[in-house]
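User: I am new to reading protein models and would like to learn how to go from a picture to careful statements. Could we work through one example together, feature by feature?

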Amino acid sequence: MTETIRIGSRGSQLALWQANHIAAQLRGLGHAVEIEIIRTTGDRMQQPENADGQPALAPLPGGKGIFIKEIEEALADGRIDLAVHSLKDLPTELDARFTLAAIPPRVDARDAFVCEQYWALHTLPMGARVGTTSPRRRAQLLALRPDLTFVETRGNIDTRLRKLAAGQCDALVLASAGLDRLSRAEWVHQRFAVDELCPAPGQGALALETRAASYAVFAEPGRDNYVRSAVAALDHAETRFAIEAERTVLDALGGGCSIPIGVHCSPIREDSETIAWRLHAQVLAPDGERMICLSTEVPVGIAAHTLGLQAAADLKSRGALELLSVDLPA
C-alpha cells in the first residue's frame, strides 16, 4: 500500500518543526507524507498583536484540549490520518475514537531559565518580573523565590523572547525542549533539575495520534491499519512507560494544565540496561507556600499504570488534594 499519510499540525513554528520532524522520519521509512496546517482554539488564544502592540484578539476560555480540538475533528472526519502534538497538551483521557499510535523518544524535559542579563534564578533582583502563563511554574518559582512577580507572556517562543528583549519582563521560564528544537537556547543560563522545578507530565515528548481500530465511523480500515503500522515504528518503549506513569499520577489527582502539579519519570541504567525507574512529583499550593514532594525508585517489572497509582496514593495520603483545592488570594 502506498497511501500518502496526511499529518495535521498547528501552524506555529514549533508545531511545524515537530510535524516536519515526524514526516522526515516516516519518509525515511519509505512512506509518502504531507502536512496540513490547522488553526486551533489555543492558537486564537495566543493574542497576536497589532503593529501598535495592542491585542488583536480577546482571550478565549479554554482548558487542556484547546490546542487539539480542531485537529482531532479533522482526524475524526478523515481529512488527516495522523496528528502530531506536544504530549503535555493532551488531556489524560483520550477520546475513544483515537489512540496514541506512537510516543517517540523524549528530549530534555526540564524547564529552562531564559535571560540575557542574569545567569540564574537566584541572581535576579528582588521583585523581579518573570514571564510565564503556567500555574505550575508560578507556584514552583514562588516556593523558591517568594518575592517574584509574574507577567503574562502569551504567544509562541519567538514572541515571548521578543517581549523579554523589549523589557516587558526580566526573565522567562520555558520548556527546554521547545528552545532546543528551534535553536533558541542561546539565552538559557540555567536548566532546573527535575527535583527543583518538576516538569509537567509529558513535557519534552511528542504524541502521535491516529484513529483507533475500534472507530468504525471512518470506514477505511485498510488505510488506518497502514497508518498505525507505519507510525508504530516510531514508538519508544521507555518513553511510553515514563509518560504513562506521569499521566496516571496527573489523572489520579484530577489534574490538568491549570493546577500546579509536576511529575517526571525516568529510567535508571546500569551498563546501558534499565534496572529501575525513578519518579519525582511535586504538588503545590498556588501561592507556593506549601509543597508536597515525592521521590521514589522502583525496580523494572512494575506496570507504568501501577507506578503512577502508587505515587498518586502517596501524594494523596500527605494532603495533595487539599493543596490543590486552595485558591490564590484576590
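Analyst: Let us begin with a group of charged side chains: E3, R6, D81, R211, R223 and D224 are linked in a network of salt bridges. Please keep in mind throughout that this is a predicted model.

User: Which residue forms a salt bridge with R6, and how far apart are the closest N and O atoms?

Analyst: The partner of R6 is D81, and their closest N and O atoms are 2.8 Å apart. When you read such a pair, look next at where each partner sits along the chain: D81 lies in the loop between α3 (69–77) and β3 (82–86), whereas R6 belongs to strand β1 (residues 4–9), so the pair ties together parts that are 75 residues apart in sequence. D81 also meets the side chain of R211 in a salt bridge, with 3.1 Å from N to O. Since R211 is in strand β10 (residues 206–211) and D81 in the loop between α3 and β3, this second pair ties together parts that are 130 residues apart in sequence.

User: Are D81 and R211 buried or exposed?

Analyst: Both D81 and R211 are buried, and for D81 the relative accessible area is 2%. A useful contrast is the salt bridge between D180 and R191, whose closest N and O atoms are 2.9 Å apart. Here D180 lies in helix α6 (residues 176–181) and R191 in strand β9 (residues 188–191), so the parts tied together are 11 residues apart in sequence. D180 counts as partly exposed at 34% relative accessibility, and R191 is partly exposed as well, with a relative accessible area of 27%. In total, the structure holds 22 salt bridges.

User: Now I would like to read a sheet. What is the order of the strands in the open sheet of 3 strands?

Analyst: The general idea is that strands of a sheet pair through backbone hydrogen bonds, either parallel or antiparallel. In this case the order is β11-β12-β13, and the pairing is antiparallel. β11 and β13 stand at the edges with a single partner strand each, so one side of each is left without a neighbour in the sheet. On average, neighbouring strands of this sheet are turned by 15 degrees against each other, with direction ignored.

User: How many bridges join β11 and β12, and how many join β12 and β13?

Analyst: β11 and β12 pair over 10 bridges, while the antiparallel pairing of β12 and β13 runs over 9 bridges. You can also follow single positions across the sheet: R269 stands opposite T274 in β12, and the bridge partner of L279 in β13 is T296. Between β12 and β13 there are 6 residues, and the two strands form a hairpin in which G288, in the turn, has a positive phi of about 75 degrees.

User: Which helix packs on the sheet?

Analyst: That is α8, which touches β11 and β12, and its direction makes about 150 degrees with that of β11.

User: Which residues touch the most other members of the largest nonpolar core?

Analyst: Those residues are L279 and L315, in a core of 26 residues. The elements that give two or more residues to this core are α8 (237–252), β11 (261–270), β12 (273–284), β13 (291–299), α9 (304–317) and α10 (320–324). If you follow L279 outward, not counting residues up to four places away in sequence, you meet A245, V249, V263 and L294 among its contacts, and also T296. There is a second, separate core of 18 residues, which includes L26, V33, A101 and A102.

User: Why is there no bond between the sulfur of C169 and the closest cysteine sulfur?

Analyst: The test is distance, because a disulfide needs two cysteine sulfur atoms within 2.5 Å. The sulfur of C169 is 8.5 Å from the closest one, in C115, which is too far for a bond. Likewise, the sulfur of C198 is 8.4 Å from its closest cysteine sulfur, in C293, again too far for a bond. Both C169, at a relative accessible area of 3%, and C198, at 1%, are buried. The count of disulfides comes to 0.

User: How many helices and strands does the protein chain have?

Analyst: The chain has 10 helices and 13 strands. Buried residues make up 52% of its 330 residues, and among contacts with a separation of 6 or more, 69% come from residues 24 or more positions apart.

Definitions and conventions: Residues numbered from 1 in each chain as written. Predicted model: local features only at pLDDT ≥ 70, side-chain atom pairs only at ≥ 80, totals over all residues. Heavy atoms only, no water. Core = buried A, V, L, I, M, F, W, Y, C linked by side-chain atoms within 4.5 Å. Buried < 20%, exposed > 50% of the residue type's maximum accessible area, 1.4 Å probe, protein only. Helix = DSSP H or I, 4+ residues; strand = E, 2+ residues; numbered from the N terminus. Contact = heavy atoms within 4.5 Å. Pairing = 2+ DSSP bridges. Salt bridge = Lys/Arg side-chain N within 4 Å of Asp/Glu carboxyl O. Axes fitted to C-alpha atoms, helices over the stretch in contact; angles between N-to-C directions.
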